[in-house]
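Work through the exercises below with the sequence and the 3D view open. Try each task before reading its solution.

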Amino acid sequence: MNKTTLTNLCMAIYCLCTLHVNAQDGYTYTLIDNGGYSFSIGAVPNASASNFATSVQSYGFTIIVPDGVTATITSSFGGAAGAAFFDGNNVAQPTIDGYLITETLGSPLSLPAPATGTTTPMVTIQINGAPTSGVIEILANDAALANSVTSLKSFMQADMVDDGSATFVNVVDPNASALSGVSSFDFATLSVEEKQLGNIVVYPNPATTIVNITGNEIQLQKVEIYTTNGQMVLTVTNNLKKINISSLQSGIYFMKLFAESGSKTVKLIRP
């Protein structure tokens, strides 16, 4: 992506990142390690007594990866999260690359009320290949890069006020880090077993009856399949090289593969 294209993309999204922020009722983002080079970005509500469910219209954040590393981005809501890749060389950062991830939902999505303190996964990021060094991180809103290319900042357009109207404003602070908990992961810390999990292949995908699991050099212990809403619909502990999914309804699922020292999550489509 050249500088002109990145600049135009940034300007198109800039207006979404600069609206009013409620200092009490808002959100930060956190990085969730699923194991096997799979990560999720979770939305964390600020401490609040509000029992009003948040209604989200759109969201976005930027993921930084080592130079030359690519990723596959999947929305946790069954939609299509846009992932605009940018070359670090175009923003004077030759050691990194990145993805500007945004999604505008077809209809607003309800998140648990802030009072529950529930972290909601927004997207899943599957790192391609098996990098052994470098860091994946969520770009902090107060980082130098975010302040020089402002539309790379995280945002969430949401309604958090129980006033009988739907008013969507940015509830992620553009001036603070907008991060909480863990926000980065160093690939050099991956164990041998976790690196091997990254080589697992699930096929065919989409699938209607049998899903094959190959490429694993370690023994899997369990496979669990979840809906996009986080409901577990299938658990398998035997014959883990062939998983029968014929009982599942058509839709998008997440298959979580467990080994002794780690796990890996794969998006699965049942036509």
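**Exercise 1. State how much of the protein chain is buried, and list its secondary structure.**

Step 1. Of the 271 residues in the protein chain, 48% are buried, where buried means under 20% relative accessible area with a 1.4 Å probe, protein chains only.
Step 2. The model is predicted: local features need pLDDT of at least 70 and side-chain atom pairs pLDDT 80 or more, whereas totals for chains, interfaces and linings use all residues. Residues are numbered from 1 along each chain as its sequence is written, and side-chain values use heavy atoms, without hydrogens and water.
Step 3. The protein chain contains 3 helices and 18 strands; these are DSSP runs numbered from the N terminus, with at least four residues (H or I) for a helix and at least two (E) for a strand.

**Exercise 2. Describe the largest nonpolar core.**

Step 1. A nonpolar core is a set of buried Ala, Val, Leu, Ile, Met, Phe, Trp, Tyr and Cys residues joined through side-chain atoms within 4.5 Å.
Step 2. The largest such core has 37 residues, and Y29, I125, I127, I136 and M156 touch the most other members.
Step 3. Elements that give two or more residues to this core include β1 (27–35), β2 (38–45) and β9 (155–159). The largest share, 5 residues, comes from β3.
Step 4. Now take M156: leaving out residues up to four places away in sequence, M156 touches, among others, Y27, Y29, V56 and V171. Here a contact means heavy atoms within 4.5 Å.
Step 5. Another core, apart from the largest, has 21 residues, among them I200, L234, L248 and L268.
Step 6. As background, nonpolar side chains tend to be buried together in soluble globular proteins.

**Exercise 3. Find the strands that pair with β6, and one residue pair for each.**

Step 1. Two strands pair if DSSP finds at least two bridges between them.
Step 2. β3 pairs with β6 in the antiparallel sense over 12 bridges. In this pairing, I63 is opposite Y99 of β6.
Step 3. β5 (residues 82–87) also pairs with β6 in the antiparallel sense, over 6 bridges. Here F86 has G98 of β6 as its bridge partner.

**Exercise 4. In the open sheet that contains β13, which strands are at the edges?**

Step 1. The order of the 3 strands is β12-β13-β16, with antiparallel pairing.
Step 2. β12 (201–203) and β16 (242–244) are the edge strands, each pairing on one side only.
Step 3. β13 (residues 210–214) is joined to β16 by 3 bridges, and V211 stands opposite I243 in β16.

Note on methods:
Buried < 20%, exposed > 50% of the residue type's maximum accessible area, 1.4 Å probe, protein only.
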